[in-house]
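Visitor: Please show me the structure, and let us discuss it by question and answer.

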Amino acid sequence: MKYSALVFGKNASIAYFDQDNDCQQIIQCLSMEELENFMPENNRMYVRLSDKPYVSLLNGLKAVKEENVVVLKKEMKEQELIRIKEELKQYPAIYLDENMQAFDTRLVMFCLQVAIESNFAIDSYYQAVEIFASTPLKRI
């Protein structure tokens with residue numbers, strides 16, 4: 001199963017995505033200050049974080065090119081990545097914890113768009129899916 005990794009901030013766990021042949025793209029969401037002092041790498045795309053949650057959520061997802069996306073806020077363990085990938089093969093919305101989730105990209109984009117159009121206050125992808133998807137989050 002091929003996927004994109006969407007990582008918020010500087011994160012040492014990116015090394016797991018770098019080593020994973022299934023990970024086709026790494027997107028890092030960074031603040032303006034982080035972007036100014038960051039050295040680009042070939043296999044990464046960088047997007048700017050915003051002070052407005054909707055804008056940051058949308059900016060990150062617009063860069064995703066794969067059918068599936070793993071979202072990471074802080075560091076993770078390799079076993080967590082293995083576990084969430086296995087679950088994502090069978091279910092389109094996975095919630096490990098607030099730090100790490102995985103989604104079918106179309107599902108989370110649809111839910112985020114509905115949230116924005118409804119002017120609903122959300123600050124995470126899993127919140128959008130939990131509220132607006134007909135498919136519930138699978139908690140692992």
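Visitor: What area does the protein chain expose, and what share do carbon and sulfur atoms supply?

Guide: This is a predicted model, in which local features need pLDDT of at least 70, side-chain atom pairs count only at pLDDT 80 or more, and totals for chains, interfaces and linings use all residues. Residues are numbered from 1 along each chain as its sequence is written, and side-chain values use heavy atoms, with hydrogens and water left out. By the Shrake-Rupley method with a 1.4 Å probe, the protein chain exposes about 7,600 Å², of which carbon and sulfur atoms supply 48%.

Visitor: Which radius of gyration does the protein chain have?

Guide: The radius is taken over C-alpha atoms, and the globule rule is 2.2 Å times the number of residues to the power 0.38. For 140 residues a compact globule would have a value near 14 Å, and the protein chain agrees with 14 Å.

Visitor: What is the strand order of the open sheet?

Guide: Strands are DSSP runs of E, at least two residues, and helices runs of H or I, at least four, numbered from the N terminus. Two strands pair if DSSP finds at least two bridges between them. The pairing is mixed, and the seven strands have the order 3-2-1-4-6-5-7.

Visitor: Why is one side of strand 3 and of strand 7 left without a neighbour in the sheet?

Guide: Strand 3 (44-48) and strand 7 (138-139) stand at the edges. One side of each is left without a neighbour because each has a single partner strand.

Visitor: Which residue in strand 2 stands opposite Val7?

Guide: Strand 1 (residues 3-8) and strand 2 (residues 23-30) run parallel, joined by six bridges. Opposite Val7 stands Gln28.
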